[in-house]
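Here are some notes to read alongside the model, for anyone opening it for the first time. Keep the viewer open and go through the points in order.

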Amino acid sequence: MSAAGRSAVSSEHHVIVVGGGISGLAAALRLARAGVRVTLLEGGDRVGGKLHAGEIAGMPVDLGAESVLARRPEAVELARAVGLGDDLQPPAATAMLWTRGELRPLPTGHTMGVPGDLAPLAAAGILSADGLARVAKDAGLPHTDPGEDVAIGAYIAERMGREVVDRLVEPLLGGVYAGDAYRISMRAAVPPLFEAARTHASLGEAVRDLQARAAARQQTGPVFMGIEGGIGRLPLAVADAVRAAGGEILTRTRADELRRDGARWTVRAGDRTLTADAVVLAAPAGEAGRLLRGTAPAAADGLAAVEYASMALVTMAFRRSDVEGLLHGSGFLVPPVDGRTIKASTFSSNKWRWNADADPGLFVLRTSIGRYGDEADLRRDDADLVSVSLKDLGDAVGLAAAPVETRVTRWDGGLPQYPVGHLDRVARIREAVGRVPGLAVCGAVYDGVGIPACVAGAHRAADQVLGALDARAARTTLAEDAGDGRGE
């Protein structure tokens, strides 16, 4: 049931949302606009989680996620719903791949790095002659059923060889999950490819079918969208909309204990005790599991098993005159197999028009460091991370200038990992949570790490809670009617 058209819930019902990232904020807004009294608790000093707008050298920048997938509607629709529709902006340039000693164009005709057409891959120079020959063998191999789930890297390597995984799939997939392609679930990370691989004789044929179906849908418009001034403006605008709808947002307020008392919930947060009719947990797995230990222990066990990857973003501002002619496109990805420290670099002042316009005399770029199983570099101090970033940028594009300002942002435990079996684990967590009335969960750990997936999961959780409140109100009305003789 959608939030629209509800009549049983009212401001007399109180829902507590735990977690002030984009998931918690989106759930809170949906609840508040449905007429429910909402209190959102965030342990940190700001809302937004990994969506974080900041500054460098007086210029606005994103210090976390910088764009949303526009081909999924939920995040773009949320931005429009909170007044940011006119500020949506597509990226202005395309990315490259730094591999085998050169910057090379990302080939067309692939799905998350899995090629459907060999010609663009060969023209890009990403694979060796042996690697290209191994990819071509896919067409003649017997069909390989991926079963109930399979690691995407292992499946592709079996069909097309390790080289295409290491040099193309890994950097693309790693850019999303900061993970290891040989561990990441194909079913969870790329579900359309997983389903197509079950029914097509070869992997290349599966990719071509997916591309043909996408072309038939005639999807137009940008694949990704940002927001003028940074995607970090989105959670701030959603928070303002929650408050405008009557909701309360409490930062520096960590939920310490969650307890169900009869038909109601009690949340202890420091020296405060709050009661509510329902709770939405939009916190990372560790925090959510801790809070559920006494109420839904099976869900807590599942959440405790979720692993996270850490990463750091190094943002740097240069005098534009010092980098003129060196930085082309929107940046580049780096396959881990090449042994570099940075995993990617974004040329923000090329990618986002608003960034370039903020100060035409400066150029902003950023690098990312760290992924699951490869986080030793994150133990370096900030100055070292800047130095190794500059070293790799020098090797990649010939950059020798010193930045005028730098900023290192660390996301410790920032991205949940989706190994083989992840979706089954999520199903078990949700089953355990579903047995507890007035409780729902959402966040990046469940249905996808992208912003649209988080918004969709938040709406699902809010609707579950609203449905439970509707049912409870209806039961109360029936009981009251029966009690005064009108129940016949």
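1. Confidence comes before anything else, since this is a predicted model. The protein's mean pLDDT is 93, and 94% of its residues reach 70 or more. Watch the start of the chain, though: over residues 1–7 the pLDDT is below 50. That stretch still has 14 contacts in the model beyond near neighbours in sequence, and I'd read those with the low score in mind.

2. Now the overall build. You'll find 19 helices and 22 strands in the protein. Along the principal axes, the C-alpha trace spans about 85 × 55 × 40 Å. The radius of gyration is 24 Å, which agrees with the value near 23 Å for a compact globule of 488 residues.

3. Inside and outside: 53% of the 488 residues count as buried. The accessible surface comes to about 20,100 Å², and carbon and sulfur atoms hold 50% of that. As for how the chain meets itself, take the contacts with a separation of 6 or more: residues 24 or more positions apart account for 72% of them.

4. Have a look at helix 11 (285–292) and helix 12 (297–304) as a pair. In helix 11 the buried residues are A285, A288, G289, L291 and L292. Seen down the axis, they fall within an arc of 165°, so they line one face of the helix.

5. Helix 12 has A299, A300, G302 and L303 buried. These fall within an arc of 160° when you look down the helix axis, so here too the buried residues line one face. What do they pack against? The partners are helix 11, helix 17 (422–434) and helix 18 (444–447).

6. D277 is worth a stop. It sits in the loop between strand 15 (272–276) and strand 16 (278–281). Is D277 buried or exposed? With a relative accessible area of 7%, D277 falls under the 20% cut-off and so counts as buried. Its side chain makes a polar contact with the side chain of R264, at 2.8 Å.

7. The other neighbours of D277 come from several parts of the sequence. Leaving aside residues within four places, D277 touches E12, H13 and H14, then A263, R264 and W265, and also G438, L469 and R472.

8. T315 is in strand 17 (residues 308–319). At 2% relative accessibility, T315 counts as buried. Which residues is T315 in contact with, leaving aside neighbours within four places in sequence? They are I56 and L63, the run V364, L365 and R366, and the run E405, T406 and R407.

9. Last stop: I342, in strand 19 (residues 342–346). Its relative accessibility is 0%, so I342 counts as buried. Leaving aside neighbours within four places, the contacts of I342 are F332, V334, T367, S368, I369, S389 and D392. If you want a distance to try in the viewer, take I342 and V404: they are 62 residues apart in sequence, and their C-alpha atoms are 20 Å apart in space.

Key: Residues numbered from 1 in each chain as written. Predicted model: local features only at pLDDT ≥ 70, side-chain atom pairs only at ≥ 80, totals over all residues. Heavy atoms only, no water. Helix = DSSP H or I, 4+ residues; strand = E, 2+ residues; numbered from the N terminus. Buried < 20%, exposed > 50% of the residue type's maximum accessible area, 1.4 Å probe, protein only. Polar contact = N/O pair within 3.5 Å; in protein donor to acceptor, adjacent residues only side chain to side chain. Contact = heavy atoms within 4.5 Å. Arc of directions from axis to C-beta. pLDDT = per-residue confidence, 0-100. Rg over C-alpha atoms; globule rule 2.2 N^0.38 Å. Areas by Shrake-Rupley, 256 points an atom, 1.4 Å probe, with all protein chains shown as cover.
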